[in-house]
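The following exercises introduce a structure step by step. Please work through each task before reading its solution.

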Amino acid sequence: MVVGGGAIRGGQAYGSTDQDGMAVATNPVTVPQLFATVYRGLGIDPATQIRDPIGRPFNISGLAGGTPIAQLF
């Protein structure tokens with residue numbers, strides 16, 4: 001995935017795949033981590049909670065409440 005803009009520094013690669021590009025070799029990233037990184041890059045606190053249609057609170061960066069990938073900033 002390519003992510004850019006906001007507070008994310010340009011010109012960097014994070015992680016790698018195996019020789020065939022079929023599996024993560026280094027620095028795997030979860031979906032909540034990705035969401036938290038995008039929100040932080042946009043200046044939004046990734047720990048922000050909102051409510052679903054029936055009023056249950058949940059974290060905007062996912063159920064696991066991911067943390068931003070600090071090396072990208």
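**Exercise 1.** How many residues line the largest pocket, and which lie nearest its centre?

*Solution.* This is a predicted model, in which local features need pLDDT of at least 70 and side-chain atom pairs count only at pLDDT 80 or more, while totals for chains, interfaces and linings use all residues. Residues are numbered from 1 along each chain as its sequence is written, and side-chain values use heavy atoms, with hydrogens and water left out.

Step 1. A pocket is an open set of points on a 1 Å grid over the protein atoms alone, with protein on both sides within 12 Å along at least five of seven lines; lining residues have an atom within 4 Å of a point.

Step 2. The lining of the largest pocket comprises 24 residues, and Met 1, Val 3, Tyr 14, Val 29 and Leu 72 lie nearest its centre. Strand S1 (16–17), strand S2 (24–26) and helix H1 each give two or more residues to this lining. Helices (H or I, at least four residues) and strands (E, at least two) are DSSP runs, numbered from the N terminus.

Step 3. The space in the largest pocket amounts to about 540 Å³.

**Exercise 2.** Determine which side chains form the salt bridge, and state whether each residue is buried or exposed.

*Solution.* Step 1. The structure holds one salt bridge, a term for a side-chain nitrogen of Lys or Arg within 4 Å of a carboxyl oxygen of Asp or Glu.

Step 2. Its partners are Arg 56 and Asp 52, at 2.7 Å from N to O.

Step 3. Buried means under 20% relative accessible area, exposed over 50%, and partly exposed in between (1.4 Å probe, protein chains only). Asp 52 has a relative accessible area of 16% and is therefore buried. Arg 56, at 52%, counts as exposed.

Step 4. Asp 52 is located in the loop between strand S3 (49–51) and strand S4 (57–59).

**Exercise 3.** Where is Asn 27 found, and what is notable about its phi?

*Solution.* Step 1. Asn 27 belongs to the loop between S2 and H1.

Step 2. Its phi is near 55°, a positive value in a residue other than glycine. Most residues other than glycine have a negative phi.

Step 3. Asn 27 counts as partly exposed because its relative accessibility is 39%.

**Exercise 4.** Locate Ile 44 and classify its exposure.

*Solution.* Step 1. Ile 44 lies in the loop between helix H1 (31–41) and S3.

Step 2. With a relative accessible area of 36%, Ile 44 is partly exposed.

Conventions:
On a 1 Å grid over the protein atoms alone, a cavity is a set of points where a 1.4 Å probe fits but cannot get out, and a pocket is an open set with protein on both sides within 12 Å along at least five of seven lines; lining residues have an atom within 4 Å of a point. Grid points are joined across faces, edges and corners, and a volume is the space filled by probe spheres set on the points.
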